Amino acid sequence: MTSDLPRLPPRLLCCYEGAFKVVNTRDLEPDVEFDIISYTWGELVPPYNCGISGVSWNLRIPPRKIEDIMRLMIHDNIHYLWVDCVCLHQEDEQEKAVELLNMYNYYKDARKCYILMDMDELWLPQDIVKNLKFIDHVLSHMEGTAVTSESRLTTRIVQDLSEWATREWAFPVDSSIARAAAIDMGVLNCYSTCVGQVKSIFRNTYFTRVWTFQEMLLGKNITMFGINNEGISCIGQLQNWMDLATDCKDKAYKLREWIEKSRKETPTSVQAILKIVNDDYWALSFLQIQVRGIDCAKNDILVGGPSWWHENHKGVSNIFSAICITARKSKERGDLFRGLLGVFSGLFTPTEAATELMGDNMERISFAFFKKLSTVTKFAWTKLAASSSDRGEWDWIPMVANHGRTLMTTDCFSGVVKLGKLAKNGQATARAVTGIAGFPQEYMTIQLRRVDANRFGFIFHGCNCGKETERGFYRTTEQIPPKNELPKRVVGDETGRVLVQCATILGSIMDPANDVVAYRKRLLGKLRPEWRVSDPSAKTTDWVDRCVSGTDWETPDSRFFKVHNRSVNYEMGAITGCESRLQNESTANIMCTVNVNCGCEIVAPFSLIFDAITAVAGSSLGGTSATLEETTGRIVLCDGLGLVQVGDVDRLFSLVAFRGDVRSHLTHAKECRRAKLNQSVNHIHSWPQSRALLRQGAHDLSGLMRDYGCVDTKGSGQLLIFKKNFDRQYKIVGACVDGHMTNMGEERDVAIH
């Protein structure tokens with residue numbers, strides 16, 4: 001008969017009449033209830049003796065954190081609390097290896113889970129709920145008017161709006177601009193205060209760590225407390241804040257609709273305000289996906305029990321998506337995987353954990369984790385990536401390379417997908433379409449390199465720059481402009497225009513067969529750059545079109561654009577970051593050098609280049625970074641993050657095409673060189689088609705006796721596989737860029753080693 005009593009951890013922190021000590025639970029009654037805490041350690045300090053009775057090891061957590069936990073216990077009358085730093089022997093690796101595997105039990109058996117967060121200012125979710133309802137009421141009674149004096153609002157509501165208008169201004173546009181736009185100041189200030197508070201909660205350091213991710217999923221009755229030097233206060237349930245993310249998104253949508261419908265014209269002041277609201281809507285949509293994925297994962301674990309992951313492959317995929325939809329990190333690199341051992345309860349035995357998961361050898365740890373996960377679930381878990389090692393058996397298992405840089409969850413779990421069923425001897429059986437028509441030919445290479453400064457620049461050198469034009473048998477004296485070797489510093493207000501120009505050049509190289517205007521909208525919509533401006537009208541809602549309106553860049557005609565004759569060199573110092581998932585702490589200092597076989601060269605940040613690759617029309621990597629399954633709410637990521645790894649710095653990657661003319665860039669360059677300045681170029685050759693990304697050197701492109709195919713990962717992209725004709729097994733060699741790979745075969749089950 002199973003006991004309903006909680007399984008007590010070996011130690012608990014006890015608070016009795018204001019005195020604290022760590023007790024051995026063998027000395028307690030078996031029906032004792034305990035609580036558990038989730039928090040962040042902060043910066044480590046030199047080892048010290050904390051002075052708490054029962055703690056015989058030195059601590060490295062700041063003493064202030066211990067004091068904060070004690071304040072929480074006294075404030076909420078907590079008698080017994082499991083706190084990792086004082087209840088888990090921090091200097092005993094064997095004990096840690098054993099106890100890490102018990103996290104599922106501890107968090108499930110605890111009566112309540114507390115989240116303790118450092119906060120500059122403490123807010124209550126019920127106040128935000130009340131204020132959002134107030135906004136909802138106001139907007140529903142404005143009836144197409146822009147000012148409250150023309151609405152059907154009561155005197156009390158009008159007075160409340162007036163009070164909001166006089167509070168500290170929170171809307172991120174100067175109040176004088178909002179006043180000039182004739183949009184009620186109280187509405188904007190109340191709305192922005194609520195949205196800012198909700199976004200601030202989820203930007204807290206707490207939501208950037210691996211361990212806290214696991215604890216959010218495993219904890220029950222989760223109550224959040226905020227703490228600072230001023231005091232400590234309960235700020236509500238975690239679920240309340242997750243619901244507020246959706247509620248704020250709803251208000252952003254309604255506010256945008258009200259502003260647009262209440263006026264026939266939208267002057268620049270209104271455009272500036274709409275740009276902020278649109279940015280809020282996008283950020284809150286992304287946040288909603290994040291919290292919905294966490295909520296779905298919590299439910300999978302709750303109803304499935306400790307072995308929930310054995311058969312629920314969609315739930316496992318959701319865990320990997322949820323932990324890397326925003327980049328999370330840990331103090332020790334190995335904790336990126338060890339921090340999930342409670343979620344995947346029972347995946348490793350204590351002996352296996354001690355021998356295979358301890359230390360910081362990420363190649364060994366990642367291989368052991370994904371191999372064991374595949375073995376137990378009977379599903380082969382791989383990565384949608386162009387990197388591949390040749391290990392023979394288990395070659396499809398994703399491995400995180402060892403290097404001296406910071407690693408994050410985006411490096412370990414982005415692009416992890418279910419390949420198929422696991423067969424014997426490390427083979428995987430996957431459903432694939434084989435017989436891709438043609439054979440791969442390289443037409444472009446990409447090399448990653450790390451730079452010291454985190455700067456956003458863009459260099460393009462057309463292959464014809466500095467050359468003389470050629471017409472017939474004679475060369476004229478007409479000179480094509482030389483390369484721009486010296487960078488031009490771009491001021492903030494001009495950044496939007498320059499970004500559109502850079503995106504147009506990229507479209508002419510990456511996706512020349514399709515509409516370059518549509519391409520640059522997709523690219524900049526994926527990149528979502530942020531930059532400083534001196535005047536908000538320089539960055540309006542329609543900035544992608546507005547910044548180049550009236551110029552040749554507005555609707556560039558491919559016949560006259562002649563990209564091979566152009567050269568630019570920009571430093572965009574006003575750019576403060578990008579919302580793209582491809583821009584994070586791991587990738588911030590990585591630049592890419594792209595060389596086209598015609599001689600054109602591009603040098604740009606990692607995020608811009610790989611967003612540029614995945615923005616091509618019909619890409620299998622999709623136009624939306626993250627979506628939710630309609631029926632389950634699980635996260636599906638589809639943006640190309642994971643195609644290459646941070647450990648791939650200094651390596652070369654190849655863009656290949658199975659169909660079309662891979663020499664078409666070279667042919668087009670010659671046509672551009674021959675044409676007069678205002679003469680059109682009518683390119684009649686077929687551009688590269690059925691494109692894929694491979695790591696150079698990992699796969700020999702020569703030889704005709706071979707078969708290529710693709711494996712659809714059901715939402716995240718397609719893997720490229722190949723085998724020699726006399727082989728029985730396929731091997732993963734890269735990722736498909738185009739969603740449609742022309743093939744002559746049928747869909748069937750194939751073996752992958």
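The chain averages a pLDDT of 90, and 95% of its residues score at least 70, in what is a predicted model rather than an experimental one. Confidence varies along the chain: among its elements, strand β3 (residues 35-38) has the highest mean pLDDT, at 98, whereas strand β14 (residues 474-479) has the lowest, at 59. The points below take up the internal cavities, then the residues around lysine 65, then asparagine 565 and helix α22, and finally aspartate 127.

**Cavities**

- A search of the whole structure finds 4 cavities of 30 Å³ or more, and the largest of these holds about 80 Å³ of space.
- The lining of the largest cavity is made up of Lys383, Thr410, Asp411, Leu448, Thr587, Ile590, Phe606, Leu641, Gly642, Val644, Gln645 and Val646; by class, these residues divide into 6 nonpolar, 4 polar and 2 charged.
- The second largest cavity holds about 50 Å³, and the residues that line it are Tyr39, Thr40, Lys65, Asp68, Ile69, Leu116, Met117, Asp118 and Ile227.
- Helix α1 (63-75) and strand β5 (113-118) each supply at least two residues of the lining of this second cavity, which by class has 5 nonpolar, 1 polar and 3 charged residues.

**Lysine 65, beside the second largest cavity**

- Lysine 65, one of the residues lining the second largest cavity, is placed in helix α1.
- With a relative accessibility of 6%, lysine 65 counts as buried, because the cut-off for that class is under 20%.
- A polar atom of the lysine 65 side chain lies 3.0 Å from the backbone oxygen of threonine 40, and threonine 40 is itself among the residues lining the second largest cavity.
- When residues up to four places away in sequence are not counted, lysine 65 touches Thr40, Trp41, Gly42 and Asp118; of the residues in this list, Thr40 and Asp118 also appear in the lining of the second largest cavity.

**Asparagine 565 and helix α22**

- Asparagine 565 sits in the loop between α20 (558-561) and β17 (567-571), and at a relative accessible area of 16% it is buried, because that value falls under the 20% cut-off.
- The side chain of asparagine 565 makes a polar contact of 2.8 Å with the side chain of asparagine 464, while a polar atom of the asparagine 565 side chain also lies 3.3 Å from the backbone oxygen of cysteine 672.
- Leaving aside neighbours within four places in sequence, the residues in contact with asparagine 565 are Asn464, Cys465, Ile480, Pro481, Cys672 and Arg673.
- Cys672 and Arg673 belong to the buried residues of helix α22, which also include Ser664, His665, Thr667, His668, Ala669 and Glu671.
- Helix α22 (residues 664-674) is mostly covered, with 8 of its 11 residues buried.

**Aspartate 127**

- Aspartate 127 is placed in helix α5 (residues 125-140), and with a relative accessible area of 37% it is classed as partly exposed, because the value lies between the 20% cut-off for buried and the 50% cut-off for exposed.
- Although aspartate 127 and cysteine 194 are 67 residues apart in sequence, their C-alpha atoms are 8.9 Å apart in space.

How values were computed: Residues are numbered from 1 along each chain as its sequence is written. Side-chain values use heavy atoms; hydrogens and water are left out. pLDDT is the predictor's confidence in each residue, from 0 to 100. Helices (H or I, at least four residues) and strands (E, at least two) are DSSP runs, numbered from the N terminus. On a 1 Å grid over the protein atoms alone, a cavity is a set of points where a 1.4 Å probe fits but cannot get out, and a pocket is an open set with protein on both sides within 12 Å along at least five of seven lines; lining residues have an atom within 4 Å of a point. Grid points are joined across faces, edges and corners, and a volume is the space filled by probe spheres set on the points. Ala, Val, Leu, Ile, Met, Phe, Trp, Tyr, Cys and Pro count as nonpolar, Asp, Glu, Lys and Arg as charged, and the others, Gly among them, as polar. Buried means under 20% relative accessible area, exposed over 50%, partly exposed in between (1.4 Å probe, protein chains only). A polar contact is a pair of N or O atoms within 3.5 Å; within protein, one must be able to donate a hydrogen and the other to accept it, and residues adjacent in sequence count only if both atoms are side-chain atoms. Contact means heavy atoms within 4.5 Å.
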